[in-house]
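I set out to record what can be read from the coordinates of this predicted model. My entries follow in the order in which I looked things up.

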Amino acid sequence: MTILCVRFQLPPTREAALPELLGLLEEFTPVVEALPPDRALADLRGAERYFKRDALELASVIRVRALALHGVDCVIGAGPGPMLARMALKDARPGVTCSVPENAVADFLADRPVAVLPGVGTATARVLCEYGLDTLGRVAAAPLSTLQRLVGAKAGRELHEKANGVDRGRVVPNGVSRSLATERPFTRDELDPGRHRRALLSAAE
């Protein structure tokens with residue numbers, strides 16, 4: 001496990017603090033990719049050798065420093081590649097890093113719905129489910145030629161590789177994010193159009 005996917009638990013009013021928190025990660029490795037508004041990927045291959053600690057130990061240090069220096073807790077997923085680290089993040093919780101060891105990738109993926117795989121949209125997931133390929137384990141076991149007939153040659157090959165745990169992604173420092181997401185949750189059902197508008201403008205900003 002050499003890649004961390006870190007989600008800083010920033011309140012909406014503190015999203016501008018992300019650059020400072022990226023700086024904290026860069027104290028451990030220069031290979032950090034921002035995923036605004038509140039996430040980042042960090043490649044710790046060099047850091048593991050330099051600090052003589054594994055990724056899980058470094059994740060604990062990062063969490064403590066984020067709390068101590070910035071008052072921000074974080075949730076961390078760890079895996080052998082960016083895709084698996086992002087998926088592990090969904091199972092993580094504050095104080096406990098969810099990790100995917102290299103020898104347990106197949107078990108980690110097997111029972112998960114096909115829709116959780118990065119790059120699989122609603123339409124693709126629907127087509128796969130219609131043919132009984134509703135879990136990643138079933139997709140991994142399906143012949144490559146079958147997947148290519150269902151979703152196309154290139155998409156079928158990528159799907160087959162990802163379902164089998166082949167993660168060709170890499171952490172790109174200073175990479176430009178292809179999409180952004182943010183939330184402005186209300187404490188209860190909100191009917192006031194003025195508050196809707198203020199929340200939307202805040203999110204857009």
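**Entry 1: Cysteines**

I searched for disulfides and found zero in the structure. I then asked why C5 is not bonded to C74. The sulfur of C74 is the closest cysteine sulfur to that of C5, but the two are 11 Å apart, which is too far for a bond. I noted that C98 is likewise in no disulfide, its nearest cysteine sulfur being that of C5, 11 Å away. I also looked up the accessibility of these side chains. C5 is buried, at a relative accessible area of 1%, and C98 is buried at 16%.

**Entry 2: Salt bridges**

I counted seven salt bridges in the structure and examined three of them in detail.

I began with R65 and E27, whose side chains meet with N and O 3.1 Å apart. R65 belongs to helix α3 (residues 55–70), and E27 to the loop between α1 (18–26) and β2 (32–35), so this salt bridge ties together parts that are 38 residues apart in sequence. Are the two partners buried or exposed? I found R65 partly exposed, with 31% relative accessible area, and E27 partly exposed as well, at 46%.

I next recorded the salt bridge of E190 with R195, at 3.0 Å from N to O. Here E190 is buried, with a relative accessibility of 16%, whereas R195 is partly exposed at 36%.

The third salt bridge I noted joins R39 to D38, with 3.8 Å between the closest N and O atoms. R39 is partly exposed, at 33% relative accessible area.

I kept one further charged group under this entry, although its partner is a ring: the charged end of R112 sits over the ring of F108, 3.9 Å from the ring centre.

**Entry 3: Aromatic rings**

I searched the whole structure for aromatic pairs and obtained two. In one of them, the ring centres of F28 and F51 are 5.7 Å apart and the planes stand at 50°, so I entered this pair as tilted. It links distant parts of the chain, since F28 is in the loop between α1 and β2 and F51 is in helix α2 (residues 45–51), 23 residues away. The other pair is Y50 with F51, with centres 5.0 Å apart and planes at 85°, so I entered it as edge-to-face. F28, Y50 and F51 form one aromatic cluster.

I then compared how accessible the members of this cluster are. F28 is buried at 10% relative accessible area, F51 is partly exposed at 32%, and Y50 is exposed at 66%.

**Entry 4: T29**

I turned to T29, which is placed in the loop between α1 and β2. T29 is buried, with a relative accessible area of 4%. What does its side chain approach? A polar atom of the T29 side chain lies 3.1 Å from the backbone nitrogen of V31. Setting aside neighbours within four places in sequence, I listed A42, D43 and L44 as the contacts of T29.

**Entry 5: Helix α4**

Last, I asked how many residues of helix α4 (residues 82–89) are buried. I found seven of the eight to be so, and the helix is therefore largely enclosed by the rest of the structure. The buried residues are P82, M83, L84, A85, M87, A88 and L89.

Technical notes
Residues numbered from 1 in each chain as written. Predicted model: local features only at pLDDT ≥ 70, side-chain atom pairs only at ≥ 80, totals over all residues. Heavy atoms only, no water. Salt bridge = Lys/Arg side-chain N within 4 Å of Asp/Glu carboxyl O. Helix = DSSP H or I, 4+ residues; strand = E, 2+ residues; numbered from the N terminus. Buried < 20%, exposed > 50% of the residue type's maximum accessible area, 1.4 Å probe, protein only. Polar contact = N/O pair within 3.5 Å; in protein donor to acceptor, adjacent residues only side chain to side chain. Contact = heavy atoms within 4.5 Å. Disulfide = S-S within 2.5 Å. Phe/Tyr/Trp six-rings, centres within 6.5 Å; stacked < 30°, edge-to-face > 60°. Lys NZ or Arg CZ within 6 Å of the ring centre and 35° of its normal.
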